[in-house]
Amino acid sequence: MTTTPTRPDGLRLAAGVLTGILALYIALVALGNITDFGTNQSYVRHVLSMDTTFKDDDLMWRAVTSTALEDTAYVLIIAWESAAAVLLVRGTWLWARGRDEAARRWSTYGLLMLMLLFGGGFIAIGGEWFAMWQSKSWNGLEAATRIFLISGVALIVNQLPARRPRTETDAS
């Protein structure tokens, strides 16, 4: 029986790279939000206050105009992004170490956090509840959809079953 050194297969490599890209992305987003707090603070305030929407009376009751509540929501978003970044960095490290089951678990948690934030938070709540789609200047639906879809692809790749190693009996 011949043995070959173990090396990452394409699936492990793809899962690790996709997880790593999203780990880098969300870590940079969180860092940017922490170090340049005011830029996206304005975004969150405009979305929640609905001040750039069509001002439909049937929708405006949803607006959050308390800056304390708006800032609390923003800090919670940053904390969520930071936690997702930690999970995804850990998942990437585990993929690189060949610890597939642990990598899959940590990556799944981080990727689901991204999907909840961008799909549930920005697309559903921001886009529909707070009518972000109506705003010409504060509409982040395209960016949120992009990250939601990339996270979904990464999650699918992470969940694909690993191929079992070929043995000499398989070849005969």
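## Basis and overall architecture

Helices here are runs of at least four residues assigned H or I by DSSP, and they are numbered from the N terminus. The model described is a predicted one. On that basis the protein has 7 helices and 0 strands, and the order of elements from the N terminus is α-α-α-α-α-α-α.

The radius of gyration of the protein is 21 Å, whereas a compact globule of 172 residues would have a value near 16 Å. The C-alpha trace extends over about 75 × 30 × 20 Å along the principal axes. Buried residues make up 37% of the 172 residues. The accessible surface amounts to about 10300 Å², and carbon and sulfur atoms contribute 66% of that area. When contacts between residues at least 6 apart in sequence are considered, 73% of them connect residues at least 24 apart.

## Helix α5 and Asp100

Helix α5 covers residues 100-129, and Asp100 belongs to this helix. At Phe122 the helix α5 bends by about 25 degrees. Ala131 follows α5 and has a positive phi, near 50 degrees.

Is Asp100 buried or exposed? With a relative accessible area of 17%, Asp100 falls in the buried class, because that class takes in values under 20%. Leaving aside residues up to four places away in sequence, Asp100 is in contact with Arg12 and Trp95.

## Salt bridges

How many salt bridges does the structure hold? The total is 4. In general terms, side chains of opposite charge can pair when their charged atoms come close.

One of these pairs involves the side chains of Asp100 and Arg12, with an N to O distance of 2.7 Å. This salt bridge links distant parts of the chain, since Asp100 is in helix α5 and Arg12 is in helix α1, 88 residues apart. Arg12 is thus both a contact of Asp100 and the partner of Asp100 in a salt bridge.

A further salt bridge joins Glu70 and Arg45, whose closest N and O atoms are 3.9 Å apart. Glu70 lies in helix α4 (residues 67-96) and Arg45 in helix α2 (residues 37-49), so this salt bridge ties together parts of the chain that are 25 residues apart in sequence. The two partners fall in separate accessibility classes: Glu70 is buried at a relative accessible area of 4%, while Arg45 is partly exposed at 27%.

Within helix α5, the side chains of Arg104 and Glu101 form a salt bridge at 2.9 Å, N to O. About one helical turn separates Arg104 from Glu101, because they are 3 residues apart in helix α5. An α-helix has 3.6 residues a turn, so residues three or four places apart point the same way. Arg104 is buried, with a relative accessible area of 14%, whereas Glu101 is exposed, with a value of 56%. Elsewhere, Arg45, Glu70 and Asp71 are joined into one network by salt bridges that share partners.

## Surface of helix α1

Which residues make the nonpolar surface patch of about 280 Å²? The patch is formed by Leu13, Val17 and Ile21. Ile21 is located in helix α1, which comprises residues 10-35.

## Phe37 and its surroundings

Phe37 is a residue of helix α2. Its relative accessible area is 30%, and Phe37 is therefore classed as partly exposed. Apart from residues up to four places away in sequence, Phe37 touches Gly32, Tyr74, Val75 and Ile78. The C-alpha atom of Phe37 is 13 Å from that of Ala79, and the two residues are 42 residues apart along the chain.

## The loop between α6 and α7

Pro161 occupies the loop that connects α6 (141-159) to α7 (168-171). What is the exposure of Pro161? Pro161 is exposed, with a relative accessible area of 64%. Although Pro161 and Leu11 are 150 residues apart in sequence, their C-alpha atoms are 8.8 Å apart in space.

Terms used. Residues are numbered from 1 along each chain as its sequence is written. This is a predicted model: local features need pLDDT of at least 70, side-chain atom pairs count only at pLDDT 80 or more; totals for chains, interfaces and linings use all residues. Side-chain values use heavy atoms; hydrogens and water are left out. Patches are made of residues with over 30% relative accessible area and no salt bridge: like charges are joined within 9 Å, nonpolar side chains (Val, Leu, Ile, Met, Phe, Trp, Tyr) within 5 Å. Accessible areas come from the Shrake-Rupley method with a 1.4 Å probe; for residues, only the protein chains shown count as cover. Helices (H or I, at least four residues) and strands (E, at least two) are DSSP runs, numbered from the N terminus. Buried means under 20% relative accessible area, exposed over 50%, partly exposed in between (1.4 Å probe, protein chains only). Contact means heavy atoms within 4.5 Å. The bend at a residue is the angle between axes fitted to the seven residues ending there and the seven starting there. The radius of gyration is taken over C-alpha atoms; the globule rule is 2.2 Å times the number of residues to the power 0.38.
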